[in-house]
Amino acid sequence: MSTLFQNPVSPYPGWERRIYRLSRPVTQDDVSAFLGDQDLYIRETASGPVNIIHKYGLLEIHCIIGEYEVEVWFNPDRGAYPSEYLDALFMTRFN
């Protein structure tokens, strides 16, 4: 189990958490690309600053620059759409 995201805190009650391993480390360019016109939040942790990208009430991506893993929180009430949206985001950067 990853030690990067040891103390998970759901952004909203009932949201589900997944950890994804990527093909390469996350860069600042990846964060900027995922961010689009959304707000970026940064939380300081023992593992380093966590970039938090909230995407339209569907999901929230937590990533640390230079790491291969990201933590993603899903809104399960939205069905499969958040997962499909995340897959599309990852395909634009990590394929």
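**Exercise 1. Work out how Y20, F34, F90 and F94 are arranged as one aromatic cluster.**

Before we start: this is a predicted model, where local features need pLDDT of at least 70, side-chain atom pairs count only at pLDDT 80 or more, and totals for chains, interfaces and linings use all residues. Residues are numbered from 1 along each chain as its sequence is written, and side-chain values use heavy atoms, with hydrogens and water left out.

*Step 1: the rule.* Rings of Phe, Tyr and Trp (its six-membered ring) pair if their centres lie within 6.5 Å; planes under 30 degrees apart are stacked, over 60 edge-to-face, and the rest tilted. A search of the whole structure turns up seven such pairs.

*Step 2: Y20 with F90.* The centres of these two rings are 5.6 Å apart and the planes sit at 75°, so call the pair edge-to-face. Y20 belongs to strand β1 (residues 16–21) and F90 to helix α2 (residues 81–94), so parts 70 residues apart in sequence get tied together. Helices here are DSSP runs of H or I with at least four residues, strands are runs of E with at least two, and both are numbered from the N terminus.

*Step 3: cover.* Buried means under 20% relative accessible area, exposed over 50%, and partly exposed in between (1.4 Å probe, protein chains only). Y20, at 23%, is partly exposed, while F90, at 10%, is buried.

*Step 4: F34 with F94.* This aromatic pair is tilted, with 6.1 Å centre to centre and 45° between the planes. F34 comes from helix α1 (residues 28–35) and F94 from helix α2, so the pair links parts 60 residues apart in sequence. Both F34 and F94 are buried.

**Exercise 2. Find what E16 touches, leaving out residues up to four places away in sequence.**

*Step 1: place it.* E16 is in strand β1, and its relative accessible area of 37% makes it partly exposed.

*Step 2: list the partners.* With contact meaning heavy atoms within 4.5 Å, E16 touches V72, W73, F74 and P76.

*Step 3: compare sequence and space.* E16 and W73 are 57 residues apart along the chain, yet their C-alpha atoms are 5.4 Å apart.

**Exercise 3. Say what is odd about the phi of Y56.**

*Step 1: the background.* Most residues other than glycine have a negative phi.

*Step 2: the value.* Y56 isn't a glycine, but its phi is positive, about 55°.

*Step 3: the setting.* Y56 sits in the loop between β3 (48–55) and β4 (59–63), and at 44% relative accessibility it is partly exposed.

**Exercise 4. Put together the overall picture of the protein: its elements, its radius of gyration and its surface.**

*Step 1: elements.* There are two helices and five strands, running β-α-β-β-β-β-α from the N terminus.

*Step 2: size.* The globule rule is 2.2 Å times the number of residues to the power 0.38, with the radius of gyration taken over C-alpha atoms. For 95 residues a compact globule would come out near 12 Å, and the protein has 12 Å, which agrees. The C-alpha trace spans about 30 × 30 × 25 Å along its principal axes.

*Step 3: contacts and burial.* Of the contacts between residues at least 6 apart in sequence, 56% join residues at least 24 apart. Buried residues account for 41% of the 95.

*Step 4: surface.* By the Shrake-Rupley method with a 1.4 Å probe, the protein exposes about 5500 Å², and carbon and sulfur atoms supply 50% of that.
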